[in-house]
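Got the viewer open and a selection box ready? Follow along, and we'll go stop by stop.

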Amino acid sequence: MATQKRVRTRFAPSPTGLLHIGGARTALYAWLVAKHFAGDFLLRLEDTDQARYSPEGLKSIFDGLDWLGLKRDEDPVIGGPHAPYIQSERKDMYHAAAKVLINKGHAYRCFCTSERLEFMRKEQQVQHLPPKYDRTCLKLAPEESDKRAAAGEANVIRMRIPDEGAVVCQDIIRGKIEFKMGDLDDTVLMKSDGMPTYHLAMAVDDHEMEISHVIRGEEWLPSLPKHVLLYQFFGWDAPEFAHLSLFLNPGGGKLSKRKGSVSLQSFIKAGYLREALINFMVLLGWNPKSEREFFSLDDLIQLFDLANVNKAGAVFETEKLDWFNGQYIRRKSPEEVLELCRPWLPGDQEDALLLKIVTIEQGRLVKLSDIQTSVVMFTETQVNYDPKLLIWKKMTPPVVVDRLKWLIQHVSEMNEADWTVQAIETSLKEHIAADGLATGEVLWPLRVALSGRQNSPSPFELAWVLGQEKTLSRLQAAQGLIQPLV
């Protein structure tokens, strides 16, 4: 990767919808490249598709980058030496650039109607020809083209692809790629509404903003030769290009909304940690050349290299993301996890109780949002469950009633001042052994009585969180539930 000039990268999304998780990875990679070389990272908004502009999408871009910790050196809000950073505010630059291309013979006006273009495409389909513009308007004399445009006749501006030869492109990830001129279409650079297409706006903006590395998804790979040609037509030095492979569904195919929510916001709302998502995303495509799996942003700034990004598509496996998330949750203190869980916790409960819940659930949390189910288990006033659930293996209802009475007696005799998980466990196990009881016949009814569930934290943890009074109350309620079965 060349570093002779200052490294400047950009993330240039279209605010037409929520920030896609793939776009978030592109932003992360671009940010890491800039920071690795102590360069600049820019945010530019490509809003030329005004019909699909979404205020919610715009907000998700800023919120998502902020949440990931990807600070910008220049963007539409903080500004910078190359403002404005919104394409719809840079139209004069694109019109001037299009005029330069027309004057040089590298572009021309096209007055073909949509009806004629549709007829042309159908004819090409019948003849099994590739869908390309037939260059009807290229035959117009410059004077006639100028006259019709001056009269207000609707037109677009098309790029004029050279008739012969090939475009040789270099990609940091994919190496040398060659495209034949005959396979390229005279693509539209300026639409009839006066707005530029991506091709022209991208080239102009990246040049004006001194972008050194263009990092984007591989869906733009077919457009690469046109962009390289544009740089040549203008007489500009082209940036280095890196086209990232797409995220794939585990069953194959591009990761799409039809397969579930794939916006960054959906993962945030589900309760994934920033560290886990960054770690997961960066490894979806990048090979650290080691067995190491956990990286902080500071680590990645030092280690990340586009040369180690894979060409093949990366399978988006949420199981691996869940594993990362659980690992990062367990690395934090209970107090930290409590604060992170706030969005999913009720506001009418004391922090002392919530901290207890988080303490025993931390080791089982996959996502922060999972805490919601646990909170209900401890805060509901009445636990509803099938009384048969209290029966362990071959126990009979009378034996269950006897064990519940035994539990009520021993729990009530415990010292409330020493109500810890360890003290509860030690006391009950000592009494179980002393009375010659089967451990399961005591602890299973205790677990169910306190949680109302088959799967839950240990009965000692449950009792500690609930406190002595509520533990006794739930044991007595369980006794009342099982009594009719005796």
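Start by selecting Glu46 and Arg44: their side chains meet in a salt bridge, 3.2 Å from N to O. Here a salt bridge is a side-chain nitrogen of Lys or Arg within 4 Å of a carboxyl oxygen of Asp or Glu. Before you zoom in, note that this is a predicted model, where local features need pLDDT of at least 70 and side-chain atom pairs count only at pLDDT 80 or more, while totals for chains, interfaces and linings use all residues. Residues are numbered from 1 along each chain as its sequence is written, and side-chain values use heavy atoms, with hydrogens and water left out.

Now colour the pair by accessibility. Glu46 is buried, with a relative accessible area of 5%, and Arg44 is buried too, at 0%. The cut-offs: buried is under 20% relative accessible area, exposed is over 50%, and partly exposed is in between (1.4 Å probe, protein chains only).

Next, select Lys59 and Asp63, whose side chains form a salt bridge at 2.5 Å, N to O. The two sit four residues apart in helix H2 (residues 55–68), so about one helical turn separates them. Helices (H or I, at least four residues) and strands (E, at least two) are DSSP runs, numbered from the N terminus. Lys59 is exposed, with a relative accessible area of 54%, whereas Asp63 is partly exposed at 34%. For a bigger selection, try Arg10, Arg44, Glu46, Arg90, Asp205 and Asp206: salt bridges that share partners join these into one network. Over the whole structure, a search finds 33 salt bridges.

One more of them: Arg6 and Asp40, at 2.8 Å, N to O. This pair links distant parts of the chain, with Arg6 in the segment before strand S1 (8–11) and Asp40 in strand S2 (residues 40–43), 34 residues apart. Asp40 counts as buried, at 10% relative accessibility.

Stay on S2. Which way do its side chains point? Asp40 and Leu42 go one way, Phe41 and Leu43 go the other, and all are buried. Add S1 to the selection: S1 and S2 pair in the parallel sense over four bridges, where pairing takes at least two DSSP bridges between two strands. Arg10 stands opposite Leu42 in S2.

Now jump to helix H3 (residues 91–104). Its 14 residues reach 20 Å from the first C-alpha to the last, close to the 20 Å expected, the expected span being 1.5 Å times one less than the number of residues. Pick out Tyr94, Ala97, Ala98 and Leu101, which are buried. They cover an arc of only 100 degrees around the axis, which puts them on the same side of H3; the arc is that of the directions from the helix axis to the C-beta atoms. Spin to the other side of H3 and you'll find Asp92, Lys99 and Asn103 exposed.

What do the buried residues of H3 pack against? Show strands S3 (107–110), S4 (156–159) and S7 (188–190), plus helices H6 (198–208) and H7 (224–234); contact means heavy atoms within 4.5 Å. Just after H3, Gly105 takes a positive phi of about 85 degrees.

Last stop: the three strands of the open sheet, in the order S3-S4-S7, with antiparallel pairing. S3 and S7 stand at the edges, each with a single partner strand, so one side of each has no neighbour in the sheet. S4 and S7 pair over two bridges, and the bridge partner of Arg158 in S7 is Val188.
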